[in-house]
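Please open the model in your viewer and keep the selection tool at hand. The stops below are best visited in the order given.

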Amino acid sequence: MRYYVEDLAKHVGEKVDLKGWAYQTRSSGKVKFLELRDGTGIVPCIFFKGECDEEALTAFESLSQECSVKVSGVVRKHPKHENVFEIGAQTLEIIGKSENYPISPKDHGTDFLMENRHLWIRSKKQVATLRVRAEIVKAIRDFFDGRGFTLTDAPIFTPSACEGTSNLFETKYFDEKMYLSQSGQLYMEATAAAMGKVYCFGPTFRAEKSKTRRHLIEFWMVEPEVAFNDMYDNMDLAEQFVEYVVQRTLKNKAEELRVLERDITKLAPIKGPFPRMHYNEAAQLIAKENPEFKIGDDFGATDETIVSSKFDKPVFVHHYPAAIKAFYMKEDPKDPGYAMGCDLLATEGYGEIIGGGQREDNLAILEKKITEHGLREEDFRWYNDLRRYGSFPHSGFGLGLERTVGWICGLPHVRETIAFPRLYGRSYP
Ligand code: 4AD
Ligand code: MG
């Protein structure tokens, strides 16, 4: 039988074998302590002369940080703390040596930690973050799967640019020029016509040539698309979705958020309805505090923070000037010059986590936009077909997974929200 640290409560009084890594060791007089980490948790193993065999005491002397070990002993309840267990160790076997493990409890610089990311992920906070990420992924799937959406994943290789040409990752598809997908949206618009409510969830790529705390080169995005939803329905969906993801993570990953020292009182109020404002209203708020901002500009990180700092819930900004938005956004016939796009800005300065809106469903207007944006008509033939054969109003959005994980975990930078981040200037390990 395999025993794991997370199951020890079920085995009090029994003798168990545990396999894992030496997290920390210390000795005081006749007692020696090994904190054993097995990936499911950390448990103190207590070596007491007389209780354990002589070889165990000898082996203990050659333990070093992160060497792999097997410990046998009896599971005991901690003398003082409820629900805390320890092992009265009897034997110790070293499985794999670890000499001069590079990451010690002292402070290391970020570059050093990133260079050793493959080892850094063993640390408590990194483990907690990756567990929260996995919970968020599950919550995302459960939300959509539980509401009649069908997962229809989009291709990674794509001939058509969705989000502008400036940060496209160009590659080869045999002899053809091809791009890595910036977004699965265009394909979801096609599957939405087949299945009504669809989503894709996978990696997307943008050659962002800037180092910021919220841009990755490869990031994961979940993109629902719903036939016959307008921009307002789209905001309702995004609001229910974000509330669900945050509240479920709070409920299921309380211990991890504690390890991360997340102030969860800031997440508790993340429940709909979220405030909504027209671009012009947000722009006026920004102009008051940022003299460099001109009405009509897109928002930078500081501008988003100016808007979101007014609320303890995420805030939607809708009706951006059409000129600063993607070619596929529908201009509001009732509000000319403004696109029916809606972005969601997270609390506490985490910025835009969702971008989305209502899509242009008029063929003539769309064709004009494609040309105006300098895109090649022939790459969008299939896309325009969706307007030729039973065009339908439809809306959707994309939520960036890493930004959401960073926000929920309260992290200063997206680099810690994915096991092996791809950043501008870093693609190792
Ligand atoms: O606002 P964006 O560019 O929207 C789209 O791609 C739409 N086609 C989505 C849709 O409507 N189906 O990106 C959506 C979200 C952003 O709000 C942000 O959370 C995240 O994707 N994102 C990034 N995350 C990390 N690194 C980057 N470089 C990102 N670029 C966008
Ligand atoms: Mg955006």
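In this predicted model, begin by selecting domain 1 and domain 2, whose centres, taken over C-alpha atoms, are 46 Å apart. To colour them separately, use residues 5–96 for domain 1 and residues 117–416 for domain 2.

Next, select strand S4, residues 68–77, together with strand S1, residues 15–28; the two pair in the antiparallel sense over seven bridges. One place to look is Asp17, which has Ser72 of S4 as its bridge partner. Then add strand S5, residues 85–96, which runs antiparallel to S4 and is joined to S4 by ten bridges. Here Val74 may be picked out, with Gly88 of S5 as its bridge partner. In a regular strand, side chains point alternately to the two faces of the sheet.

Proceed to strand S8, residues 169–173, where Tyr173 is found. Show Phe157 and Phe174 alongside Tyr173: these three residues make a nonpolar surface patch of about 370 Å². Tyr173 has a relative accessible area of 36% and therefore counts as partly exposed, the range for that term lying between 20% and 50%.

Finally, select Ser181, in the loop that lies between strand S9 (176–180) and helix H5 (185–195). Is Ser181 buried or exposed? Ser181 is buried, because its relative accessible area is 3%, and the term applies under 20%. To see its surroundings, display Pro155, Ile156, Thr158, Thr204 and Phe205, which Ser181 touches when residues up to four places away in sequence are not counted.

How values were computed: Residues are numbered from 1 along each chain as its sequence is written. Chains are lettered from A and ligands numbered from 1 in the order in which they are written. This is a predicted model: local features need pLDDT of at least 70, side-chain atom pairs count only at pLDDT 80 or more; totals for chains, interfaces and linings use all residues. Side-chain values use heavy atoms; hydrogens and water are left out. Patches are made of residues with over 30% relative accessible area and no salt bridge: like charges are joined within 9 Å, nonpolar side chains (Val, Leu, Ile, Met, Phe, Trp, Tyr) within 5 Å. Accessible areas come from the Shrake-Rupley method with a 1.4 Å probe; for residues, only the protein chains shown count as cover. A salt bridge is a side-chain nitrogen of Lys or Arg within 4 Å of a carboxyl oxygen of Asp or Glu. Helices (H or I, at least four residues) and strands (E, at least two) are DSSP runs, numbered from the N terminus. Buried means under 20% relative accessible area, exposed over 50%, partly exposed in between (1.4 Å probe, protein chains only). Domain bounds come from an automatic or database domain assignment. Contact means heavy atoms within 4.5 Å. Two strands pair if DSSP finds at least two bridges between them.
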